[in-house]
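The following report describes the strand layout and the nonpolar core of one protein chain. Please keep the sequence and the coordinates at hand while reading.

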Amino acid sequence: MKGDRVEIVVDAGDTTRTYEVIATRAGRRVETAVRRGVVEVSEVTRSGTVVRTARFMATRVLALVEQPVPRDMDPEARTA
């Protein structure tokens, strides 16, 4: 959903770097996959078309943090 994001923390030798992939429009989502030593984070449309992809070597990835959009609570749960 719009606003979903994934943060990737990568070892860059003497320092770390942080990258973000964010679902930028309504109906898009962010998917992660680990294949053959590569971490892929992609923004995907409803129909499954990949809009953009970030690729990192799995041995260099220190953290992969998925952060969904905060959803409102049910109206019934608010009153309880």
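Two strands are said to pair if DSSP finds at least two bridges between them; helices (H or I, at least four residues) and strands (E, at least two) are DSSP runs, numbered from the N terminus. The model is a predicted one, in which local features need pLDDT of at least 70 and side-chain atom pairs count only at pLDDT 80 or more, whereas totals for chains, interfaces and linings use all residues. Residues are numbered from 1 along each chain as its sequence is written, and side-chain values use heavy atoms, with hydrogens and water left out.

The protein holds 1 helix and 6 strands, which follow one another along the sequence as β-β-β-β-β-β-α.

One open sheet has 3 strands in the order β2-β1-β6, with antiparallel pairing. Because β2 (16-22) and β6 (61-67) each have a single partner strand and stand at the edges, one side of each is left without a neighbour in the sheet. The twist from one strand to the next averages 15°, where axes are lines fitted to C-alpha atoms (for helices over the stretch in contact) and angles run from 0 to 180 degrees between N-to-C directions. Within this sheet, R5 has I22 in β2 as its bridge partner.

A further open sheet, also of 3 strands, is ordered β3-β4-β5 and is antiparallel in its pairing. Its edge strands, β3 (29-35) and β5 (50-57), each pair on one side only, and neighbouring strands are turned by 20° against each other on average, direction ignored. Here E40 has R55 in β5 as its bridge partner.

| Strand pair | Sense | Bridges |
|---|---|---|
| β1 (residues 5-11) and β2 | antiparallel | 7 bridges |
| β4 (residues 38-44) and β5 | antiparallel | 7 bridges |

Of the 80 residues, 26% count as buried, that is, under 20% relative accessible area with a 1.4 Å probe and protein chains only (exposed is over 50%, partly exposed in between). A nonpolar core is a set of buried Ala, Val, Leu, Ile, Met, Phe, Trp, Tyr and Cys residues joined through side-chain atoms within 4.5 Å. The largest such core has 11 residues: V6, I8, V10, V21, A23, V30, V39, V41, A54, F56 and V61. At least two of its residues come from each of β1, β4 and β5, and β1 gives the largest share, 3 residues.

Leaving aside neighbours within four places in sequence, V41 is in contact (heavy atoms within 4.5 Å) with residues including V6, I8, V21, V30, A54 and L64.
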